[in-house]
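I opened my notebook to look up empty space, strand pairing and a record annotation. Entries follow in the order I wanted to keep them.

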Amino acid sequence: MTSNTEGGRSFSRRDQLLRIQSEVQKQWEEHKVFEANPGSKPPEPGEKFFGNFPYPYMNGLLHLGHAFTVSKLEFAAAYHRLRGCNVLLPFAFHCTGMPIKASADKLAREVQQFGNPPAFPSAEEDSATEAVDESKPEDGNAVAPDKFKSKRSKAVAKSGGNKSQWEIMRSFGLSDSDIAKFQDPYHWLTYFPPLAKEDLKAFGLGCDWRRSFITTDMNPFYDSFVRWQMRKLKGMGKIVKDMRYTIYSPLDGQPCADHDRASGEGVQPQEYVLIKMEIIPPFPSQLKVLEGRKVYLAAATLRPETMYGQTNCWVLPNGKYGAYEINETDVFIITQRAALNLAYQKLSRVPEKPTCLLELAGHDLIGLSLKSPLAFNETIYSLPMLTILTDKGTGIVTSVPSDSPDDYMALQDLKSKPALRSKFGVKDEWVMPFQVIPIINIPEFGDISAEKVCIDLKIKSQNDKDKLAEAKRLTYLKGFTDGTMLVGEFKGKKVQEAKPLIRNKLLETGHAVTYSEPEKKVMSRSGDECVVALTDQWYITYGETEWKQKAEESLAGMMLYSEEARHGFEHTLSWLNQWACSRSFGLGTRIPWDEQFLVESLSDSTLYMAYYTIAHILQNGDMYGSDTSSVKPEQMTDEVWDYVFGGGPVPKTDFPASLLNKMKQEFEYWYPFDLRVSGKDLIQNHLTFCIYNHTALLPKEQWPRGFRCNGHLMLNSEKMSKSTGNFRTLRQAIEEFSSDATRFSLADAGDGMDDANFVFETANSAILRLTKEIAWMEEVLVAESSLRAGPPTTYADCVFANEINIAIKSAEQHYNEFMFRDALKVGFYDLQAARDEYRFSCGAGGMNRDLLWRFMDVQTRLITPICPHYAEHVWKNILKKDGFVVNAGWPMADAPDLILRRANKYLQDSIVLMRKLLQKQVSGPKKAKKGAPVTPAEENKFTVGLLYVSEQYDGWKEECLRILQTKFDSAKGSFAPDQEILEALKGSAVGQDANFKNILKLCMPFLKFKKDEVRLVGLQALDLKLPFGEIEVLQENSDLIKRQLGLEHVEVLSASDDAARSKAGPHISLLTQNPPSPGNPVAVFLSKSEFSTIGSQNGA
C-alpha cells in the first residue's frame, strides 16, 4: 500500500477506501458469501444466474483491459445477486498454446547466448549493429524516401519495444534469480494464476473460487474433459484429417492460429491461380545459366477468366526477384516471399526450403518474350510497371487492359510516352502493336470496361491511385456478377459460371497452379512472419451445412444486447470454415488418438463453461486438480463424462454414485449459462466456436442464452500501451485508486461496442465522492434528533420521495440492459443531486428523518453492484443493518409520478428564469459604467416579487396549437408541409379576423418555435396547458423562491386578472413586452416602498 502522503499530496481518503475494502473482503471470505450451490429442484426462470468470462492467458499480470471486460460480468452478476438470484460467477486461467512456451524458450535462448543473468550488448553496440543493418534494405519492402518505416516487427512492438524477455520479466518485479526459473514453461503456470486470483479478489470479484482451474495437462481433470470433448466431436464426424491451406509459422513449425499471433488476428489464406508464362528461348545473357530448364514468369491472379485478353506481363523495375526451383524441370521467377509460401505448399524441389538458382532485378526481366496460357497473342513481352507491390502476389503481374484499369493506364502510358519507353529500354515492337482485346461484356461498361471507366473518371496515368481504386471498385464486382464471356471455349456464359471452369482447365492442363498467401501480414508470437502452408492435420468441420444451421438457430435465440454484435456473429458464421485444431508445439492437451499433436488453444476452450459446474467436486478446490480429491482422473472415463454432460446412461464404474449424481445435478441446475461477457475481437473465433460446440454436444435447452461484447479500453482517451507508459495493471490501479474507485471509473468508461475510456480523474473524483458521502451520512446520524419526524408531507418531501422511486426504476432498467454507466448516473449522480436539491428546498422546516433513511438505504443498494465495499461499510457500520448488502434485495418503489417530476422541473426552471429577470431589472435599461458594480440603495432594493402566470394558451396561439396537433403524423414523427398548415390557419376562426395579416406575422414565428420545441421535448410542447397547476406549484414553494432570490415577499398572480396586472405599476411594460405563457411565468420585481405605494394607489 502507498504511503499516506506522497509528493505533498494526501492519500488519506484513498487509504480509507483501501482499509474498508480489506475489512469487507475478509468478512465475505469468512462467510463464504460468493460460494454458489444449486437448489434442490430445477430453477424457475430468473431464479439463477450463471455468468462467465473467457479465461485470461497466464503469461503476465492482469491489466485494466481485462478488468474492464470482467467488470461487465461482475456488475451484472452482482445486480442479479442483489435481486435475490442464486448467482454463479466462476473464473479460470488459460495456459494452453504458444505464448508461454515461446516466452520460456526465448528466456532459455537469452541465457544460452548472454549468460545467467544475461549480459546484453550495450546501446552503443546495438547502434553500431543497426547502422550496418540499415545499409541492407529488406526484400520486397521498398519504402518511399520520405516515409518513415519502423524496423521493429509488430511482435516486438506489442511486447513494448525492443525489450528482451528477461527485461519483460523484470518489469513484473521479479528478481534475476526468480526469472531464471521461467525457462521452464510449467513454472509460469504455478506463478501467474495465483497472482491473478489475488488481484481479482482485491478487485472484489464475486467469484466462487472453489471452481477455479488452469488448462493444459498439468490439470489432469481438465485434460480428461478436453480429451472427452475431442473424442466426442471426432466420433460425430466433426473432426477430420485433411490437406488444407493454413496460416503457418516456419519458426514454430506449426499452424499459427489467432491466439498464437502477435498481429494479424482473423487473417485467412487468400487463394490465387498462378499463371505460368513460359519464357521463349533463346534466353538473354542474364538467364543463360537457366537454359535447358522450363522457366516461367509466374503471375498470381484472382481473375483467370480474363487471361484471353493478355497483351503483356508487368514487372517492377527495381524489384528483387529470384529464379526458384519448383521441381526437376520447372523454374519460377518470383519474389523470395512468394517462393517461401510455395515451398510450404509442396511447390519447391526441396520442401519448405526455396532453392534460388539466380538472383535477378526487375530490370533484368524487361523485354522477355513469353508464351502465356489462353492468350490470343502468341507472344507477349514483359514490361515495366511502377506500382507493383511485392508484399502481395508474386511480384509478377499479367496484363489484361480490356478489364483492368491499372493495366489499361500503364499500357497507355508506355504507348503515349516515348521518353518512358526509352528510360526502361522498352522497344516499340514490345508495346505498339498490341491492341486491347474485348473479352467480357458488362452491361454498364460495354466490351472494354477498363477503357470506359478510365475515360469516365478522367484518369490521366497509372499514378492516379485513388481514381484507379475507384475504377476497380466500379468494374470488378460488376464484371463477375453481370459480365458475359465474349470469347473462348465458354463464350456466351456468365462470368460467374465460366470462371471456375476456366480455372479448372488451366490447372488440369498444367498451365497454372494454385497458390495461397496470408490476406495480410501475420506475425507469430515467436517473432517470424507467417506463410500459408498446405498441411495434413486435424480440422474441426465448422461451416458444415447442417451444423452451421444449428449454430444459426442458436444465435437467433440468444440475447446479444447489440445489433452490431449480432451482425458480427452472422458475418462470422457466413465465412467460417474448417479450423485447424492441432498443434505440435506449445502447452495443452494431447489429441487423444494422435498424441504427436496438441489441441490448439482456441479448440480446448469452447465448452469449458460446463466444466465450471463440477470443477469443485473433482478438484477439491485446488485449481491444479491436486491428488487430495476423492476422485481420481482415471475414473473420469468417457462414459462418466457422457452421463454428466451428454445425457448418457448410468456408467458402469467404481466412481462414487453420490458424487456422480451430485455432478449431474450441478450441471443440470446451472446450465445453460445465462451470460458470457467478452471483448468483441473474440466474435470471429472463440465465441462462434462456443456456439458450434454447444450445438454439437448439448441438447437445445442447454445452448448459450446470451453473449455481451464490448470494445477495448483506452486510458485517458489514449490507447493503452506499455511502451508509452499509458498502462496500468489491475493491481496498480487498485493500489492507486482503491477497488471501488477503479470499479466506479470502469462503470463510467462506457458500455457499447465502441472503445471505452477509463479516466484517472473520474477515479480520483470517485474517491472524493465516496468518502464525502460516508462523512455526510455520519453527520446525519449525529444530528438525527434535529431532523423532522413523522411521515413525509411537504412538497419537497413528495418531490424527493418521487426522485428516489424514479432512481430505483431507472437503475433497474439500466442494470437489466447492462448499461452500467447509465445505472451509475441515475443511481448515484442523479440521486445525490436530488438529495442536495431536497436539502436546500426544505429550508427552516428541515429534512424528514424517514425520507433521509430511505435515501441512504436506496442509494447504498443501487451502488452495490459497482462499489460493493463502500456499500457494505455503509450497510453495516452506518445504517447498522444485518447481513450483507450484496444480497439484501432490490429496493421497493412506488410507481414514479412523472407529472410531479415535470412540475418540479418547471419550478426549478422558473427560479432560474426569475433570477435572470431580477438581474436584468437590477441592471436597468442603461449599462453601468465599466467596472462599476450595481449596488442600489437599500430603500430601492428589490425585495418583492410578483410572479405572473398564464396557465392556458388562448386566442390565435390556441388556434395555432390545435392546427399543429392535427397536422402532426405520429407514425412518421413529422409535421405536414408548411403550406398545408398555413391553409388550415387561413380556414380557421383566426383566418377570418379582419386583422389576419398582422396576426399572421405573429403566428409564423410561433408555429416555427413550437415545431422546433416538439423535436426537443415531444408532443407535450403542443399542450394548451400544463398537466399541473402552475399557480399552485409556485404558491406552495413561495418560501423556496424567496430564499433562492433573496426576496421578502412573493405573490403568484394570474396574468389575465386586470387587478393583479395593476400591481405591476410602472413595470407593466415587462408584461406586455414579454407576456407569460404556459410553462413560462414572468416576474416583476419591486422595492418595498414601491410595492407599498402602488398598493395604496390601487386601494385608493
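**Second largest cavity**

I listed the residues around the second largest cavity: Trp28, Phe34, Glu74, Ala78, Arg81, Gly204, Gly206, Arg743, Thr864, Pro865, Pro868 and Val886 line it. I am working with a predicted model throughout. The volume of this second largest cavity came out at about 60 Å³. I asked which helix gives the largest share of its lining. That is α2, residues 64-83, with three residues. By class I noted six nonpolar, three polar and three charged residues in this lining.

**Largest cavity**

How many cavities of 30 Å³ or more does the structure hold? I noted three. Next I looked up the volume of the largest cavity, which is about 70 Å³. Its lining is made of 13 residues. Nearest the centre I wrote down Ala796, Val799, Glu837, Tyr838 and Ser841. I then checked which elements give two or more residues to this lining, and found α26 (795-816), α27 (820-842) and α30 (898-923). Helix α26 has the largest share, with five residues. The class split for the largest cavity is eight nonpolar, three polar and two charged.

**Second largest pocket**

I moved on to open space. The second largest pocket has a volume of about 580 Å³. I noted 20 lining residues for this pocket. Which of them lie nearest its centre? My list reads Asp909, Glu1013, Leu1026, Gly1079 and Asn1080. Two elements went into the entry as giving two or more residues to the lining: α30 and α33 (996-1017). Of the lining, six residues come from α30, the largest share. Helix α30 is thus a repeat entry for me, as it also gives two or more residues to the lining of the largest cavity. I recorded 10 nonpolar, four polar and six charged residues around the second largest pocket.

**Partners of strand β8**

I followed strand β8, residues 269-279, to see what it pairs with. Strand β19, residues 512-518, is joined to β8 by seven bridges, and the two run antiparallel. In that pairing I found Glu271 opposite Ser516 of β19.

Strand β9, residues 294-301, is also a partner of β8. I noted six bridges here, again in the antiparallel sense. Leu274 stands opposite Ala300 of β9.

Which way does β8 run relative to β14, parallel or antiparallel? I wrote antiparallel, with two bridges joining β8 to β14, residues 369-371. Glu278 faces Lys371 of β14 as its opposite residue.

**Annotation from the record**

I looked up the UniProt annotation last. The entry is unreviewed, and it gives "domain: Aminoacyl-tRNA synthetase class Ia" for residues 24-107 and 188-757. I took each span in turn. For residues 24-107, the end C-alpha atoms lie 41 Å apart. That span is 43% helix and 10% strand. For residues 188-757, I noted 31 Å between the end C-alpha atoms. Helix makes up 34% of this span and strand 20%.

Definitions and conventions:
Residues numbered from 1 in each chain as written. Predicted model: local features only at pLDDT ≥ 70, side-chain atom pairs only at ≥ 80, totals over all residues. Heavy atoms only, no water. 1 Å grid on protein atoms, 1.4 Å probe; cavity = no way out; pocket = protein on both sides within 12 Å on 5 of 7 lines; lining within 4 Å. Points joined across faces, edges and corners; volume = space filled by probe spheres on them. Helix = DSSP H or I, 4+ residues; strand = E, 2+ residues; numbered from the N terminus. Nonpolar A, V, L, I, M, F, W, Y, C, P; charged D, E, K, R; others polar. Pairing = 2+ DSSP bridges. UniProt positions renumbered as here; feature names shortened; annotations may be inferred.
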